[in-house]
Amino acid sequence: MTLLDKDGVQLTVDDTVATVTLTNPAKRNAQSPALWRALAEAGKRVPGTVRVVVLRAEGKSFSAGLDRQAFTPEGFDGEPSFLDMARGSDSELDATIAGYQEAFTWWRRNDIVSIAAVQGHAVGAGFQLALACDLRVCADDAQFAMRETSLGLVPDLTGTHPLVGLVGYARALEICATGRFVHAEEAERTGLANLVVPAAELDGAVQDLAAALLAAPRDAVIETKALLRGAAGRTYEEQRAAERAAQARRLRDLAGQAD
């Protein structure tokens, strides 16, 4: 069932699995404010029955990053150009960027597990979109790069936090400051990718992972995801307490089902 199909984004749902597809392969799925609004809308339209969300892209590239039209004086039709944005007040600029970030925030909701299926280039905003997901399955031709600094900018689409969490501060700084490519083998070795497979096997590997995630009871997965997401911000003792509280909820729920 197709719930959304506009501005280079398609959302389909099959029972407990939703698939968000980037559908502009002619432009290597380059990103724009319109695409970001569509991604944010897709997040709002995912039904509550969905447990796994797969993010994939048509064509040879996952996403080549921000559409370079954004850097022209005229920008996108009907959109403020970057120059216009820069001339606005601090609060206006902050609100605009926050709106763009909405496309990247919902993938880590506790009620779903999100999987990015990455092939070819995932550059800049494309890299950050892959980082927005909980898990990444990559084709062996995948290439990640954070090119914002070469344009005089910084990564601002929520990618810095997960990147540091995955590879550590020093490697994250080196990747961002140099803008170099991280190929699939390094991505798997450093934790950026959960799994690397031949390109022809990418869809099958994602389906297998989704099936494995669906095998466990939903509430147990939700509680576990919440525990793991919060672990970095807690002390050891605080995490112990969080584990006890979560387990107590699960035991009470199971007991209630048995009564």
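Two strands pair if DSSP finds at least two bridges between them. That rule opens the tour of this predicted model, which begins at the N-terminal strands.

Strand 1 (residues 2-6) and strand 2 run antiparallel, joined by four bridges. Within that pairing, Lys6 has Val9 of strand 2 as its bridge partner. Two residues lie between the strands in this hairpin, and Asp7 takes a positive phi near 50° there.

Strand 2 also pairs on with strand 3 (residues 17-22). This pairing is antiparallel too, and it runs over six bridges. Thr12 stands opposite Thr19 of strand 3. The hairpin of strand 2 and strand 3 has two residues between the strands, and here Asp15 takes a positive phi near 60°.

Now look at the two faces of strand 2 (residues 9-14). Val9, Leu11 and Val13 make up the covered face. Gln10, Thr12 and Asp14 make up the uncovered one. Two of these residues have already appeared: Val9 as the bridge partner of Lys6, and Thr12 as the residue opposite Thr19.

Next come the charged side chains. Side chains of opposite charge can pair when their charged atoms come close. In this model the count comes to 14 salt bridges. One of them joins Glu79 and Arg37, with N and O 2.3 Å apart. This pair links distant parts of the chain, its residues being 42 apart. Glu79 sits in the loop between strand 4 (52-57) and helix 2 (82-87). Arg37 belongs to helix 1 (residues 33-45). How do the two ends differ in exposure? Glu79 has 16% relative accessibility, so it counts as buried. Arg37 has 46%, so it counts as partly exposed.

Other salt bridges have a different setting. Arg240 and Glu237 meet at 2.9 Å, N to O. Both lie in helix 10 (residues 236-258), and because they are three residues apart, about one helical turn separates them. Arg240 is partly exposed at 37% relative accessibility. Glu237 is partly exposed as well, at 46%.

Asp111 and Arg109 form another salt bridge, with the closest N and O atoms 3.0 Å apart. Asp111 is partly exposed, at 28% relative accessibility. Arg109 is also partly exposed, at 25%. Elsewhere, salt bridges join into a network made up of Arg171, Glu174, Arg180 and Glu186.

Return to helix 10, this time for a polar residue. Is Gln239 of helix 10 buried or exposed? At 12% relative accessibility, Gln239 counts as buried. A polar atom of its side chain lies 3.1 Å from the backbone oxygen of Leu227. Leaving out residues up to four places away in sequence, Gln239 touches Leu227, Gly230, Ala231 and Arg234. Leu227 therefore appears both in the list of residues touched and as the owner of the backbone oxygen beside the Gln239 side chain, with "touching" here taken as heavy atoms within 4.5 Å.

The aromatic rings come next. A pair of aromatic rings is described by the distance of the centres and the angle of the planes. The count here comes to four aromatic pairs. Take Trp106 and Trp107: their ring centres are 4.0 Å apart and their planes meet at 25°, so the pair is stacked. The cut-off for that label is planes under 30 degrees apart. Both tryptophans are buried. Trp106 has a relative accessible area of 7%, and Trp107 has 0%. Ring pairs also link Trp36, Tyr100 and Phe104 into a cluster.

Last, the cysteines. How many disulfides does the structure hold? The number is zero. Why does Cys133 not bond? Its sulfur is 11 Å from the closest cysteine sulfur, that of Cys138, which is too far for a bond. A disulfide would need the two sulfur atoms within 2.5 Å. Cys176 also has Cys138 as the owner of its closest cysteine sulfur, but the distance is 17 Å, again too far for a bond. Cys133 is buried, with a relative accessible area of 0%. Cys176 counts as buried too, at 12% relative accessibility.

Notes
Residues numbered from 1 in each chain as written. Predicted model: local features only at pLDDT ≥ 70, side-chain atom pairs only at ≥ 80, totals over all residues. Heavy atoms only, no water. Salt bridge = Lys/Arg side-chain N within 4 Å of Asp/Glu carboxyl O. Buried < 20%, exposed > 50% of the residue type's maximum accessible area, 1.4 Å probe, protein only. Phe/Tyr/Trp six-rings, centres within 6.5 Å; stacked < 30°, edge-to-face > 60°. Polar contact = N/O pair within 3.5 Å; in protein donor to acceptor, adjacent residues only side chain to side chain.
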